Amino acid sequence: MQLCPHCGQSNMEGVVFCQKCGIALVAVPLATRQLIGGDVQGGTDELSSESVVMLQFNAQEAPLTVQVKHEVILGRITEQAEETTYINLTAFGGEEQGVSRRHARLLRDNKALYLMDLNSTNGTRLNGEVLPAAVEKRLRDGDEITLGKLKLFVYFKI
């Protein structure tokens, strides 16, 4: 059995993603997209069939890899519920940088991933633009999200 470092769930040996919260239990290989014809537009807005995203908080650290079952709550709480993963951002400086307990939500709808501010105290920005509370915006591979003052990048695993 292997224990999930995020939620404490016991998982069978060989399982890649925690069966309870969806956090990667082992290193997940990353891939780089090949640019065709010099295209430098933003990344894709479609998740792969695995629905895996990487959240990059700091260039020096490995990204946090999550399989998005239905929704992911970003904030400073550690609760877990079926189909929902709660990511505690305290370890990434969340409290010092103004992240609310329930700051924002990532929601998967088929192959699309949406970001929504949960009426946070210090706001959410997507690629530098303020995201009004309770408004869903579709994410693209490589988007920059700012929760309070905490910046992170979201990458879609291909």
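Of the 158 residues in this protein chain, 45% count as buried. The model is a predicted one, and the exercises below walk you through it.

**Exercise 1. Describe the secondary structure of the protein chain: how many helices and how many strands are there?**

Step 1. Start with the count: the chain has zero helices and 13 strands.

Step 2. Now read from the N terminus, where the order of elements is β-β-β-β-β-β-β-β-β-β-β-β-β.

Step 3. Turn to contacts. Taking those with a separation of 6 or more, 45% are between residues 24 or more positions apart.

Step 4. Finish with the surface: the chain exposes about 8600 Å², and carbon and sulfur atoms supply 47% of that area.

**Exercise 2. Find the largest nonpolar core: which residues have the most contacts inside it?**

Step 1. This core has 31 residues, and Leu 55, Ile 87 and Leu 139 are the ones with the most contacts inside it.

Step 2. Next, see where the core comes from. Among the strands that give two or more residues are E3 (52-56), E5 (71-75), E7 (102-109) and E13 (150-156). The most comes from E13, with four residues.

Step 3. Zoom in on Leu 55. Beyond its neighbours within four places in sequence, Leu 55 is in contact with Pro 63, Leu 64, Leu 74, Ile 87, Leu 106, Leu 152, Phe 153 and Val 154.

Step 4. There is also a second, separate core of five residues, including Ala 24, Val 28, Val 52 and Met 54.

Step 5. For background, nonpolar side chains in soluble globular proteins tend to be buried together.

**Exercise 3. Look at Cys 4 and Cys 21: why is there no bond between their sulfurs?**

Step 1. A search of the whole structure turns up zero disulfides. Cys 4 is in none, and its nearest cysteine sulfur is that of Cys 21.

Step 2. The two sulfurs are 3.6 Å apart, which is too far for a bond, because a disulfide needs the sulfur atoms within 2.5 Å.

Step 3. Check the surroundings too. Cys 4 is buried because its relative accessibility is 4%, and Cys 21 is buried at 0%.

**Exercise 4. Place Asn 11: is this residue buried or exposed?**

Step 1. Asn 11 is in strand E2, residues 10-11.

Step 2. The relative accessibility of Asn 11 is 0%, so Asn 11 counts as buried.

Step 3. Follow the side chain of Asn 11, which reaches the backbone nitrogen of Gln 19 at 2.9 Å.

Step 4. Leaving out residues up to four places away in sequence, Asn 11 touches several others, including Met 1, Cys 4, Phe 17 and Leu 25.

**Exercise 5. Trace the salt bridges: how many does a search of the whole structure find?**

Step 1. The search finds five.

Step 2. One of the pairs is Arg 138 and Asp 45, with their closest N and O atoms 3.6 Å apart. Arg 138 is in strand E11 and Asp 45 in the loop between E2 and E3, 93 residues apart.

Step 3. Arg 105 meets Glu 71 in a salt bridge at 3.2 Å, N to O. Arg 105 lies in strand E7 and Glu 71 in strand E5, so this pair ties together parts 34 residues apart in sequence.

Step 4. Arg 105 also meets Glu 136 in a salt bridge, at 2.9 Å. Glu 136 lies in strand E11, so here the parts tied together are 31 residues apart in sequence.

Step 5. Compare exposure: Arg 105 is buried at 17%, while Glu 136 is partly exposed at 38%.

Step 6. Finally, salt bridges with shared partners join Asp 45, Arg 138 and Arg 140 into one network.

Key:
Residues are numbered from 1 along each chain as its sequence is written. This is a predicted model: local features need pLDDT of at least 70, side-chain atom pairs count only at pLDDT 80 or more; totals for chains, interfaces and linings use all residues. Side-chain values use heavy atoms; hydrogens and water are left out. Buried means under 20% relative accessible area, exposed over 50%, partly exposed in between (1.4 Å probe, protein chains only). A polar contact is a pair of N or O atoms within 3.5 Å; within protein, one must be able to donate a hydrogen and the other to accept it, and residues adjacent in sequence count only if both atoms are side-chain atoms. Contact means heavy atoms within 4.5 Å. A nonpolar core is a set of buried Ala, Val, Leu, Ile, Met, Phe, Trp, Tyr and Cys residues joined through side-chain atoms within 4.5 Å. Accessible areas come from the Shrake-Rupley method with a 1.4 Å probe; for residues, only the protein chains shown count as cover. A salt bridge is a side-chain nitrogen of Lys or Arg within 4 Å of a carboxyl oxygen of Asp or Glu.
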